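Reader: I would like to go through this model feature by feature. Where should we begin?

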Amino acid sequence: MEPEEVGTFISGKNVDLLPGDNLEHINLYAKWDNDQETRHYARNIFPTTLEDYKKWIEEEKTGTPSQLNFEIYHKGDKKIIGYVGFNHINWSDRNANIGMVIGEPEYRNKDLGTEAAALIIEYGFNELNMFKIGCGMFEVNVGSWKVAEKLGMQREMIYKEQAWVDGKYVDDYKYCIFLDEWKEKRKKLL
Amino acid sequence: MKEKLSSEETKPKEYIAYPFIEGENVELCPTNLDHVKLYTKWVNDSKARIYARNNRPHTVEDITKWYEPSESRGLSKYVTFEIWHKKDKIPIGTCGYGRINWIDRNANIFMSIGVPEYWNKNLGTEASRLLIDYGFKELNFHKIYAGIFEPNIGSWSVAEKDGFILEGVQKKSIFINGEYVDARSYRMLKKDWLKNHH
Amino acid sequence: MTEDKPIVFIRGENVSLVPLNMNHVEQYTAWQNDVRVRVYDRNAEPITVERIKKYIEPKDEGAKKEITMEIWHNKDKKAIGSCGFFNIRWFERICFMGLKIGEPEYWRQAHATEATSLLIDYGFKELNFYKIYAYIFTPNVASWKCAEKNGLTREAVLKKDIYINGKYEDTFVYSLLKEDWFKKRK
């Protein structure tokens with residue numbers, strides 16, 4: 001698949017962000033969201049079918065979007081390796097949450113997630129006029145909060161015993177970064 | 001000879017509220033679409049809505065949609081009650097649980113007294129206590145949480161009195177009255193409730 | 001999606017649990033109607049393809065009442081049955097489980113036992129269930145042996161509960177509590 005088909009929305013060094021919610025790739029999304037290892041800390045507890053994705057993507061959306069999704073495209077290998085997006089966008093408060101999945105296991109632990117997240121945070125502050133961007137993950141999902149810290153985010157909340165994972169209650173962490181903090185951090189990351 | 005029944009006694013009983021949970025001064029009843037105009041008024045009220053985060057106007061049709069029985073047969077993500085004042089026989093607010101997660105067994109508690117004359121009378125505290133007991137005893141929750149904005153001291157003082165523990169504060173999360181304010185997060189785990197309960 | 005690369009939800013050694021697949025709807029319909037398979041199904045009506053399609057379609061519901069998955073044979077790369085939870089009571093965290101191996105050539109190979117084990121782990125570890133029930137008709141020996149191998153115990157007997165092959169049979173109520181499953185895991 002060539003990005004020329006849908007256009008490169010945001011260009012990075014090793015990865016680009018392409019428009020998400022692509023009906024032609026729902027088999028990829030379904031594979032990642034169902035895969036036991038990939039979904040382990042992603043909170044996908046129910047099996048999802050291709051029909052589910054068709055329905056979500058085709059559903060008529062009205063009003064300002066509460067989420068914006070992108071595909072992560074590996075420039076060198078010319079393939080889609082995951083997705084990243086904003087959810088719970090609150091336009092009056094100018095804040096939003098980031099969600100990200102590197103679906104193809106060979107591309108994990110290579111700082112590609114950090115790069116993709118940096119691109120979307122830059123987009124959020126620079127183009128969407130955000131004030132505060134956050135992201136949440138389970139305490140056991142160490143990989144995720146290490147990425148958040150690499151991006152200069154601060155842990156602002158610990159929700160105790162918030163989620164049932166692997167047969168027990170675990171805490172949920174919330175990280176965040178403000179516009180002025182990002183203005184400093186981006187110099188080193190982008 | 002049997003006494004003739006008075007007209008008062010033979011008048012068919014008017015059902016105006018169906019108490020689901022009984023308290024001392026208030027009752028929690030199912031929401032009543034006959035009162036939808038009242039609910040809409042409370043949701044839009046300029047004073048009450050600031051800390052309830054209703055920054056868009058809602059019409060009666062919008063509110064009716066909230067409370068209409070849904071077509072789905074599954075369990076809802078929310079449970080809503082009308083707060084009914086027993087003595088004065090009128091609805092004075094709404095309360096309930098939202099964002100119910102049946103797997104993590106937690107939910108967001110909300111409570112709002114819509115009629116200003118009934119503020120500062122501890123009725124909110126009473127309704128919350130009934131609602132919290134219901135959450136742990138009947139809905140089998142593991143954790144109840146509440147998000148309250150920093151300036152809304154009335155609300156979070158009640159939460160702390162009820163036994164909620166401050167989990168943390170998210171700085172500059174919400175834009176209210178022209179400025180960013182902090183948001184407090186409170187929690188009550190079932191084990192904390194059990195300690196207070198006995 | 002090609003047949004040799006299924007979308008796997010829970011991976012097992014010989015079988016895996018995968019989401020229901022609209023492309024397999026004829027297979028599902030065949031299983032529901034096949035007299036050898038449906039005998040212990042509590043289902044005496046013929047089922048149409050349309051009904052199965054409707055069942056698979058995504059629904060707008062609150063908390064799910066049922067979660068059904070396909071049992072996929074890893075090596076032979078085909079769907080061999082289905083299983084899942086139904087009558088889910090989220091307040092009590094109690095539900096029923098059901099399972100069928102739809103392709104008779106895959107009977108008596110411990111696939112049902114493995115699929116049941118994957119399903120039960122999912123129920124307790126991810127869905128936070130408290131107790132799982134299985135109603136099994138007494139003549140269905142293979143089923144209750146599978147249940148017992150997975151740690152379910154016979155809690156009760158419902159007398160003359162089901163009409164199969166011209167006579168009334170009893171139903172065994174098998175169940176497993178989370179605390180017992182947890183002990184067994186250790």
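Author: Begin with one residue and its surroundings. This is a predicted model. Leaving aside neighbours within four places in sequence, Thr29(C) is in contact with Ile47(C), Thr48(C), Val49(C) and Ile52(C). Thr29(C) itself belongs to helix 1 (residues 25-33) of chain C.

Reader: Is Thr29(C) buried or exposed?

Author: The cut-off for buried is under 20% relative accessible area. Thr29(C) has 7% relative accessibility, so Thr29(C) counts as buried.

Reader: Which residues is Ala127(B) in contact with, leaving aside its neighbours within four places in sequence?

Author: They are Val26(B), Leu28(B), Ile83(B) and Met111(B). Ala127(B) is part of helix 4 (residues 123-137) of chain B. Its relative accessibility is 0%, and therefore Ala127(B) counts as buried. For a sense of distance, take Gly114(B): between Ala127(B) and Gly114(B) there are 13 Å in space, C-alpha to C-alpha, and the two are 13 residues apart in sequence.

Reader: Now the aromatic rings. How many aromatic pairs are there over all chains?

Author: Rings count as a pair if their centres lie within 6.5 Å. That rule gives 38 aromatic pairs over all chains. One case is Phe124(C) with Trp181(C): the ring centres are 5.0 Å apart and the planes are at 35 degrees, so this pair is tilted. The label follows because planes under 30 degrees apart count as stacked and those over 60 as edge-to-face, with the rest tilted.

Reader: Where in chain C do Phe124(C) and Trp181(C) lie?

Author: Phe124(C) is in helix 4 (residues 111-125) of chain C, and Trp181(C) is in helix 6 (residues 178-185) of chain C. With their positions 57 residues apart, the pair links distant parts of the chain. Both Phe124(C) and Trp181(C) are buried.

Reader: Which residues do ring pairs link into a cluster?

Author: One such cluster is in chain A, where ring pairs link Tyr29(A), Trp32(A), Tyr53(A), Trp56(A) and Tyr83(A).

Reader: Which charged ends sit over a ring?

Author: Two cases can be given, and both join chain A and chain C. The charged end of Arg39(A) sits over the ring of Phe9(C), at 3.7 Å from the ring centre. The charged end of Lys64(C) sits over the ring of Phe46(A), at 5.2 Å from the centre.

Reader: That brings us to the interface. How is its size given?

Author: Often as the accessible area lost when the parts come together. Here chain C and chain A bury about 2000 Å² between them, and 60% of this is on carbon and sulfur atoms. Ile7(C), Phe9(C) and Pro58(C) supply 29% of the area that chain C buries against chain A, more than any other three residues. Counted by residues, the contact takes 24 from chain C and 22 from chain A. Phe9(C) is thus named twice: in this group of three, and under the charged end of Arg39(A).

Reader: What is the make-up of chain A in helices and strands?

Author: Chain A has six helices and eight strands. Along the sequence they follow the pattern β-β-α-α-α-β-β-β-α-β-α-β-β-α.

Reader: Why does the radius of gyration of chain A agree with a compact globule?

Author: A compact globule of 190 residues would have a radius of gyration near 16 Å, and chain A has 16 Å, so the two agree. Of its 190 residues, 52% count as buried. Among contacts in chain A with a separation of 6 or more, 59% come from residues 24 or more positions apart.

Conventions:
Residues are numbered from 1 along each chain as its sequence is written. Chains are lettered from A and ligands numbered from 1 in the order in which they are written. This is a predicted model: local features need pLDDT of at least 70, side-chain atom pairs count only at pLDDT 80 or more; totals for chains, interfaces and linings use all residues. Side-chain values use heavy atoms; hydrogens and water are left out. Rings of Phe, Tyr and Trp (its six-membered ring) pair if their centres lie within 6.5 Å; planes under 30 degrees apart count as stacked, over 60 as edge-to-face and the rest as tilted. Helices (H or I, at least four residues) and strands (E, at least two) are DSSP runs, numbered from the N terminus. Buried means under 20% relative accessible area, exposed over 50%, partly exposed in between (1.4 Å probe, protein chains only). A charge sits over a ring if NZ of Lys or CZ of Arg is within 6 Å of the ring centre and within 35 degrees of the ring normal. The radius of gyration is taken over C-alpha atoms; the globule rule is 2.2 Å times the number of residues to the power 0.38. Contact means heavy atoms within 4.5 Å. Buried area is the accessible area (1.4 Å probe) that two parts lose on being put together, summed over both.
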